[in-house]
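Please open the model in your viewer and keep the sequence panel visible. The tour below goes from one selection to the next.

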Amino acid sequence: MTHPPAQTFRSDCLILGGGVAGLWLRWRLRREGLSVTLLDLGTHDNARQSVASQGILHRGVKYALSPGAAGTQRVLAEAMDDWTRALECADSVSAPALAGVRIYTRTMHMWAPGGMLAGVTGAAASLSLVSGVRKLDPKAAPRVLASAGFSVWETDETCIDAASLLSSLRRAADGPLLSIDAVESIDATEGIVRAVCGGQSVTFSTGAVYGCAGLGNEHLMAAAGIDASSVCQRRPLHMVMLTPAPSPLYAHCIRPLSDKPRLTITTAYNNSEPIWYIGGDLAETGVARDSQAQVRAAREELARCLPAADLSAAHIAPWRIDRAEGRTQDGARPDGPVARSFGRLTFIWPTKLALAPIAARRAVAALFGGEHAPATRQPGESAETVAPPFPLPPEHLPPWQHNNVTWRNQ
Ligand SMILES: Cc1cc2nc3c(=O)[nH]c(=O)nc-3n(C[C@H](O)[C@H](O)[C@H](O)COP(=O)(O)OP(=O)(O)OC[C@H]3O[C@@H](n4cnc5c(N)ncnc54)[C@H](O)[C@@H]3O)c2cc1C
């Protein structure tokens, strides 16, 4: 395919990808006085993690249940300061002011299904060792848990609506935010990126390029001639959605001494209809199951873990999505955000939505400490960017708003 001759646009930094990693980094770079252009894909696709996440701003309690997850716990605790300042709009210098974020809850619950006395005792024993976890009086626990006679704990962990987070982050910083059809090529040494929108090919020249494209980083690596296989990994999930949810629930069904809950249930809303969005072990082991088998497995596991919930009228839909991460030797989840640089091109995987502030802080520290100066500006040239006339990228859709979701009653 041939395109008209390319025009060149300059900015100090160019970010590819408008999920939580790219948008938080954009705010951070703007705060440093740098001009930033962000390019996001204009298509609706199923592969966007931030909007498909459960929106839990983990404090690390879940990870405290697993002896091997101390690193993750530390870095999550560090990120919480940024989230607190951002959500309280404490000041727009140390964190983006995220006034528009819908906060679903500030406390997550944990429960261990009864029946197996050993399991309950083990879970209680491990939870009692974790600071910030309180055992709840049954009267204060969600009815669907208390009426089944389960022990319930709570912890100060926030769950937010991820779509409203992305909208707020977009507004938190200025500078061009542009929709593209594709990135054609990246010259990592020179900081030159060619992108296409509506048949128009445009060249961006910049001091630093950031690949914040999640699963799309694999494509960006191909465009830069980098072998992705040794740099990043995917960890697939087969999530489950259930509507109408019998009551709002934000909770982990825990296993003793494991950071992998059997179920993690959060509640979102499609217009005003409540939806349970369900991850945890069900979603991890469900990768091997087809859609029908996953819906069946979900009904069976919900009946075991939430016997007091009447789900007979509920419709269930499965949703496949991969987590994109920096590569680890054994394929396990990295402890924290991962960044890999190739000349002027740096790829970033926050690993968790909750870790986006840390990923952005580290990326900016590396930029100023690194060998590549961020600015491509000539002396006297303005920090403001002239951008091509590309449209704003569309807002990202959560899984339950996609047309290709199949809801099943059986
Ligand atoms: C089901 C699920 C539940 C999760 N729940 C939680 C949770 O509760 N708490 C938590 O902390 N973490 C959670 N995570 C992890 C978290 O969602 C991710 O770590 C985080 O959202 C990754 O953000 P990102 O910006 O790197 O990627 P994404 O959100 O995937 O964004 C990538 C962006 O890049 C764009 N893009 C793709 N290709 C290109 C290209 N070629 N050019 C330009 N742009 C491109 C996309 O359009 C998109 O805007 C969850 C993940 C999943 C999958």
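Is Cys89 buried, exposed or partly exposed? Select Cys89 and count around it: 16 other C-beta atoms lie within 10 Å, so Cys89 is partly exposed, since the buried class starts at 20 and the exposed class ends at 12. This is a predicted model. Cys89 sits in the loop between H4 and strand S4 (103–105). Its phi is positive, about 50°, although Cys89 is not a glycine.

Next, select Thr351, in the loop between S19 and H11. Thr351 also is not a glycine and has a positive phi, here about 75°. With 25 other C-beta atoms within 10 Å, Thr351 is buried.

From that loop, move on to helix H11, residues 356–369. What span should its 14 residues have at 1.5 Å a residue? The expected value is 20 Å, and the end C-alpha atoms are 20 Å apart, which agrees. Colour the buried residues of H11: Ala356, Pro357, Ile358, Ala359, Ala360, Ala363 and Leu367. Then show what these buried residues pack against: H1, helix H4 (70–88), S12, strand S18 (338–342) and strand S19 (345–349).

Now go to Ala173, in the loop between helix H7 (162–172) and strand S9 (177–180). Ala173 is buried, because 20 other C-beta atoms lie within 10 Å. Which residues does Ala173 contact, leaving aside neighbours within four places in sequence? They are Arg26, Trp27, Arg30 and Pro96. Draw a distance from the C-alpha atom of Ala173 to that of Leu29: the two residues are 144 apart along the chain, and the separation is 9.4 Å.

The next stop is a set of antiparallel strands. Select strand S10 (residues 182–187) and strand S11 (residues 192–197), which are antiparallel and joined by 5 bridges. Asp187 has Ile192 in S11 as its bridge partner. The hairpin of S10 and S11 has 4 residues between the strands, and Gly191 there takes a positive phi near 75°.

Extend the selection to strand S12 (residues 200–211), which runs antiparallel to S11 and is joined to it by 6 bridges. Arg194 stands opposite Thr203 in S12. S11 and S12 form a hairpin with 2 residues between them. In its turn, Gly198 has a positive phi of about 50°. While looking at side chains here, keep a general rule in mind: in a regular strand they alternate between the two faces of the sheet.

For a peptide bond to inspect, select Thr243 and Pro244. The bond that joins Thr243 and Pro244 is cis, with omega about -5°. Pro244 is in the loop between S13 and strand S14 (251–253).

Finish at the ligand. Which of the 37 residues around the ligand come nearest? They are Gly17, Gly19, Ser50, Gly214 and Gly216. To see where the shell comes from, colour helix H1 (20–31), strand S2 (36–41), helix H2 (49–52), helix H8 (217–223), strand S13 (232–243) and strand S17 (315–326); each supplies at least two residues of it. Colouring the shell by residue class gives 18 nonpolar, 15 polar and 4 charged residues.

Key: Residues are numbered from 1 along each chain as its sequence is written. This is a predicted model: local features need pLDDT of at least 70, side-chain atom pairs count only at pLDDT 80 or more; totals for chains, interfaces and linings use all residues. A residue is near a molecule or strand if its C-beta atom, placed from the backbone, lies within 6 Å of it. Ala, Val, Leu, Ile, Met, Phe, Trp, Tyr, Cys and Pro count as nonpolar, Asp, Glu, Lys and Arg as charged, and the others, Gly among them, as polar. Two strands pair if DSSP finds at least two bridges between them. The expected span of a helix is 1.5 Å times one less than its number of residues. Two residues are in contact if their C-beta atoms, placed from the backbone, lie within 7 Å.
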